[in-house]
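User: Could you take a close look at the charged pairs in this protein for me? I'd like to know where they sit and what lies around them.

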Amino acid sequence: MEEPEKKIPVLCLGPKGSGKTTLMKKLQNAEGIDDTFSPVPTIGTNLYDIYYLNKHGKKQMLSIREIGGEMAPLWHNYLDGVEKVIYVVDTSNLCQISAAAVLLYTLLAEPRLKNAKFILVLSKMDAAYRQMRNEALLMLQFTRLSAELGNAPTLLEASPLTGEGIDKLKAFISDTKIGK
Ligand SMILES: Nc1nc2c(ncn2[C@@H]2O[C@H](COP(=O)(O)OP(=O)(O)OP(=O)(O)O)[C@@H](O)[C@H]2O)c(=O)[nH]1
Ligand SMILES: [Mg+2]
């Protein structure tokens, strides 16, 4: 059980079912992330320890906290000390995208996240979903966000199923200051 006061500098957020757990498992190099992988919706939060090599080739670990989409009204309780936000949007679910956008804007406008780096992950970019990419970006008003915001998100297309984007996501999180 995680200690409630433990500060985790990297958060993974996004609407329910957008693919956060699957992505985190893949980052952990878990076996069996394929068509048959069936995660359960995250109730509350999950902590993932991620191992990576730093620029000196030394093995390092950092923790990422996933907060279930069901918990969106409570995300604000977890923002203190956060340096990076991985925001996961399901490209295959255009009905959910406006809600996803509103939640993202709320985070981007949050004073406690003023200096945080955001990465916007278009998940499930395998197979047929890829064609929805441009519509998804349009609905998220990504171009406008990029032009108008100081802390505009970096964009990443990813799929835990094919492994696309996983290395880039590791690079994004791995320059985080860890520990005290
Ligand atoms: N095709 C495809 N399906 C995916 C991918 N990632 C996740 N899924 C499926 O999407 C569903 C939801 O995935 P989760 O990883 O549980 O989503 P979540 O964001 O953690 O959801 P909550 O914890 O409820 O907020 C599952 O059925 C996954 O198998 C992907 O890259 N491609
Ligand atoms: Mg989950």
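Analyst: Here's a walk through the salt bridges, followed by the metal site and the nonpolar cores.

Keep in mind that this is a predicted model. In general, side chains of opposite charge can pair when their charged atoms come close. Searching the whole structure turns up seven salt bridges, and I'll go through some of them.

Start with Lys-84 and Asp-175, whose closest N and O atoms are 2.1 Å apart. This bridge ties together distant parts of the chain: Lys-84 belongs to strand β4, while Asp-175 is in the segment after α5, 91 residues apart. Lys-84 counts as buried because its relative accessible area is 4%, and the cut-off for buried is under 20%.

Now compare Glu-70 and Lys-16, with 3.5 Å between the closest N and O atoms. Both of these residues are exposed. Again distant parts of the chain are linked, since Glu-70 is in the loop between β3 and β4 and Lys-16 in the loop between β1 and α1, 54 residues apart.

Next up is Asp-80 with Arg-112, a salt bridge at 3.3 Å, N to O. Asp-80 is in the loop between β3 and β4, and Arg-112 in the loop between α2 and β5, 32 residues apart. Asp-80 has a relative accessible area of 43%, so it is partly exposed; Arg-112 is partly exposed too, at 36%. These two also belong to a network: salt bridges with shared partners join Asp-80, Glu-110 and Arg-112.

Acidic side chains turn up at the metal as well. The magnesium ion (ligand 2) has Thr-21 (OG1), Thr-42 (OG1) and Glu-66 (OE) as its protein donors, 2.0 to 2.1 Å away. Thr-21 comes from helix α1 and Glu-66 from strand β3, 45 residues apart, and both are buried.

As for the nonpolar surroundings, the largest core has 28 residues, and Leu-13, Tyr-87, Val-89, Leu-107, Leu-113 and Phe-118 touch the most other members. Among the elements giving two or more residues to this core are β1, β4 and β5, but α2 gives the most, with six. Tyr-87 shows how these parts meet: beyond its sequence neighbours, its contacts include Leu-13, Trp-75, Ala-100, Leu-103, Leu-107 and Ile-119. Apart from that core lies another one, of 20 residues, including Val-10, Val-88, Val-121 and Ile-173.

So, back to your charged pairs: Glu-70 and Lys-16 are both exposed, whereas Lys-84 is buried because just 4% is its relative accessible area.

Notes
Residues are numbered from 1 along each chain as its sequence is written. Chains are lettered from A and ligands numbered from 1 in the order in which they are written. This is a predicted model: local features need pLDDT of at least 70, side-chain atom pairs count only at pLDDT 80 or more; totals for chains, interfaces and linings use all residues. Side-chain values use heavy atoms; hydrogens and water are left out. Donors are N, O and S atoms within 2.8 Å of the metal (3.2 Å for Na, K and Ca); water is not among the atoms, so sites may look incomplete. Helices (H or I, at least four residues) and strands (E, at least two) are DSSP runs, numbered from the N terminus. Buried means under 20% relative accessible area, exposed over 50%, partly exposed in between (1.4 Å probe, protein chains only). A nonpolar core is a set of buried Ala, Val, Leu, Ile, Met, Phe, Trp, Tyr and Cys residues joined through side-chain atoms within 4.5 Å. Contact means heavy atoms within 4.5 Å. A salt bridge is a side-chain nitrogen of Lys or Arg within 4 Å of a carboxyl oxygen of Asp or Glu. Lists of a residue's contacts leave out its neighbours within four places in sequence.
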